[in-house]
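Trainee: I would like to request a close look at a single part of this structure, with its surroundings. Please then carry the account on to some other parts of the chain.

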Amino acid sequence: MCRAVLVTWIVVLSAAVGSLGAAPPAPMTVTDYDQGDWYVVRGGERLSYHGMRESWVFNRAMVWLDEASGVDDALVCYSSRSPLPLTGKRQVSRWYTGPGNALADVDDSYTRLTKQNAQSTWDHACLPPLQFQIEQHARAELDVREATHPWQFVIVVKGRSGPPLFASPWQTGPGKLTVNLLDLFRRKGYEHHFAEMVFFVAVWTENPAEQATVVFRLSLAGPEVVVPSLPIVRTAERSRAEGVPIYAVVLDRRAERLGQEAVEVHGSLGQGSFELRDDGRGIWKAVLRGVPPGEHEAELRAVWKADPQKTAVTRMDFRVTDGQFVGYDAKLRLLARAGKPLGPITGSYRGQAVFRAIGTNDERLLHGEEDWREAIADRERPDCGFHFWESLTPRELDEDYAYLVRCGWRMIHLCSAWLWWPRFDAAGRLSPYYAEQLDAVSRAAGRHGLFVHLATSHYPLGLRSPPYARYLEAGYQPSDYGDPQSEFFRMFADYLAQLAVVFRDDTGVSSFTAAGEGDPKCGVPFVNMVDDELARHDGHHLVLAEPHHQITRRPDFYRAAGWKPVLGGMRTYHIERPEPRPPESIGVQFKLAAMGDVFLGEGCFYGFLGGNHQYMNPEMPLEGYRRRIRETIYTGLAHRNPILLTWEERIVEDERVVFERIRRAVDWSTPFERAPVAIRVDEKRMPVAGRGPLFRYEEALARIPVEAFYVWEDEPVPPGTVATIDARRPFVRPAYVSQGGLLPDELKARLPLRLPADWAANYSWSDDRRTLLAFLRRLDGPDGARSQRSESPGASGLKLGNFPDEGLGFQLFDLAAKKAVAEGRLSEGLRLEIPREGEHLFLMVRPEMPDDEVSLRRGKGRA
């Protein structure tokens, strides 16, 4: 803690605790993941953040100036009261305390906490996450009017584990203190104009059964201030046509807007300057012309006319993007950008980041398995913890995303509104803090070539996430999700409109879903409302849906059922739980996905793969985790699935290194042939329990290897299909006609690969036979262990054939080693030796390019 802050508050405090017994240890904060709670920990004892699972009251003084207020295509937010009262009957939010305690507003300004919890010597009142403009409210001012026992004031940045942002010593009797929030916030590395913090007033009794009372007043205050708009993002085309708008308000200490009669407002950008003009209502505006694409920072300065020496200064960040948004090529079934297909995109949900040395000067992100092994060297006291993404600083975001790109990631998935996870929807308005944090995420992601995929909400409010009080006050009921005429729909649509105002021109954001995994629970009316509102107000970004958890019916059912989003997400968790399924189940899953526009929305959560659901388990079987990641994403790559996301992937992020090298090397505009064999399926074969025949066909065909595709019931098969298998009938092992089977013998002579007996493959082959993408895996033995390595000479060889004799190159990657183990020019009948210890390989054949040495060997360049 900085010396200046200590001087600020300690000189006005009452006597510090001295004669009493040992005070409780300094507070630390920890969090569960998506169950349990947030906790304050003192030594070996922990108590919940009281109120974190209640209906929070969003700052009632928050103002959103939008188009109706004269702010066109931008948002200006600030609090209309200053000092901002946080206690008493006039408070702008709501405090909570634990069971058995009492909390009451004494008068307009003061609140009383009475500790009656006899199970602990200490307890607290908690003000759940509060958002405020931190330059406007730079100071927290606490006045303790009565205190029967020692008390302590604690402040936490929401989402941050470890030591709090501020914790006073335990004090006795009445007292006052002032905390410089802005200074602490900036020293921590935050650059936002808004903050989201949790405030605590704690009390302590030596005898747990003893009752304690503290009466306190808390408010936030600050100086005169210039408040800029929420982030401005414009495409280059729009910037040329309209310019870049700069909006701000100038506020006095009472939060009154100041106009041209009181101040002048000027700005500077680089070497240039500009003047902002008052619209007559205290809203200042300028339009900048000729701003090139990129990230920019302007300085805004207000000068008081009555005293030119008096000024207020702030900065305003804005971006001009290239206007190249991510779209979907329905013919290729791939994401595209600037008219060019991107190929399969991979990444993960990234809601919690793992850190080491939390709360020390050495605090840093934990990246990779080697770092993890060091962190858990002491199994009793592992050196790791977690911060939620909303609490990461710009530097931390930049470091994390730079690492993920080195690991081959291309997409970050973020969610909203599950328990205490970030809430973008401030009850019908865009949360200003999360607008700034999402902008910071998009900036950092964009610098490194990552896309951001965002769920605008999650499961229905009230299921696990209590709604903001404003929704309840408007009459919200869970049944509103099925009522397009409800007030809830109108309010949520207002939030989406404001989300679009800020981010419609942001090319770093690739896509949205209405509620991610929660889409089915929220229902078709809600999903379609979100699709409609984003199309109306945004129009640039893809809106996806996640209609499947486990696929249990026709994969494209949601389109016939009236869902408007085209791309629909699925999950592969059923492969891990309640019991592990054979690797063939993954190939089956991606063949089902290919029956529609279905992508992998989630899969391979460490909590279902031997890890503790809440935390990373030091005993977690990382090799099994790695194997499942490889088998999933590389099978998906071989099937050209458009988006392959896992959930909260940690430690093994580098399993995508080869994936991204291949993605960049392939010309994805190349048409790929349909597999030669059709397999008829029906409703009975959709649930996992009914897929046994599909698993068996997948295992048999992958060993030949012959690829297949699924056909629904008795629908006609397309031209070029050489054989049709009916999985609705008893299983018959696939064989060639000469062996008494259905597969034409001539098919054998047309295949691109011949495998050793203990290997299987999934692959895609282009129409012109010049590009092959093949994932190869060594088969499991009868006991689930890897099969014995073949010993006979040449038995380990992989034979390639039936390619055009024209300038083709190949690379064979060992996915565990993450490197090419064979590469060169392809020749007919080429035989490649398979590494003796190899278990997962990927073979890429493609036309040789002039830059092959760079793109293939070094993985340079980015599409």
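Mentor: What follows begins with one helix and then turns to several strands and single residues.

The model is predicted, so local features need pLDDT of at least 70 and side-chain atom pairs count only at pLDDT 80 or more, whereas totals for chains, interfaces and linings use all residues. Residues are numbered from 1 along each chain as its sequence is written, and side-chain values use heavy atoms, with hydrogens and water left out.

The part chosen is helix H15, residues 692-703; helices (H or I, at least four residues) and strands (E, at least two) are DSSP runs numbered from the N terminus. At 1.5 Å a residue, its 12 residues should span 16 Å, and the 17 Å between its end C-alpha atoms agrees with this; the expected span is 1.5 Å times one less than the number of residues.

H15 is mostly covered, with nine of its 12 residues buried (under 20% relative accessible area; exposed is over 50% and partly exposed in between, with a 1.4 Å probe and protein chains only). These buried residues are Pro693, Leu694, Phe695, Tyr697, Glu698, Glu699, Ala700, Leu701 and Ala702. They pack against helix H12 and against four strands, namely E39 (677-681), E40 (708-712), E41 (723-726) and E43 (759-765).

The packing with H12 (residues 584-593) can be described further: the two helix axes come within 8 Å and cross at roughly 105°. Such axes are lines fitted to C-alpha atoms, for helices over the stretch in contact, and angles run from 0 to 180 degrees between N-to-C directions. H12 and H15 are therefore roughly perpendicular to each other (65 to 115 degrees; under 35 is roughly parallel, over 145 roughly antiparallel and the rest oblique). H12 brings Glu584, Ser585, Gly587, Val588 and Lys591 to the contact, while H15 brings Leu694, Phe695, Glu698 and Glu699; contact means heavy atoms within 4.5 Å. By class, three nonpolar, two polar and four charged residues take part. Here Ala, Val, Leu, Ile, Met, Phe, Trp, Tyr, Cys and Pro count as nonpolar, Asp, Glu, Lys and Arg as charged, and the others, Gly among them, as polar.

E43, one of the strands packed against H15, leads on to Thr771, in the loop between E43 and strand E44 (772-778). Thr771 is buried, with a relative accessible area of 4%. Leaving aside its neighbours within four places in sequence, Thr771 is in contact with Val666, Phe672, Ser764, Trp765, Ser766, Val845, Arg846 and Pro847.

Elsewhere, five of the five residues of strand E28 (residues 345-349) are buried, so E28 is largely enclosed by the rest of the structure. Four bridges join E28 to strand E38 (residues 643-646) in parallel, and three bridges join E28, also in the parallel sense, to strand E32 (residues 411-414); two strands pair if DSSP finds at least two bridges between them. Ser348 has Thr646 as its bridge partner in E38 and Ile412 as its partner in E32.

Strand E22 (residues 284-288) has two faces: Trp284, Ala286 and Leu288 lie on the covered one, Lys285 and Val287 on the uncovered one. E22 pairs antiparallel with strand E19 (residues 244-251) over five bridges, and Ala286 is the partner of Ile246 there. With strand E21 (residues 272-278), E22 pairs antiparallel over two bridges, and Trp284 is the partner of Asp278. The hairpin of E21 and E22 has five residues between the strands, and in it Gly280 takes a positive phi near 95°.

An open antiparallel sheet of three strands has the order E30-E29-E31. Its edge strands, E30 (364-365) and E31 (385-388), each pair on one side only. Strand E29 (residues 352-356) is joined to E31 by four bridges, and Phe355 stands opposite Gly385.

Two single residues complete the account. Cys126, in strand E10 (residues 122-133), counts as buried at 0% relative accessibility. Not counting residues up to four places away in sequence, Cys126 touches Tyr49, His50, Arg94, Trp95, Tyr96, Val198, Phe199 and Phe200. Ser479, in the loop between helix H7 (469-473) and helix H8 (487-503), is exposed, with a relative accessible area of 55%. Ser479 and Gln589 are 110 residues apart in sequence and 33 Å apart in space, C-alpha to C-alpha.
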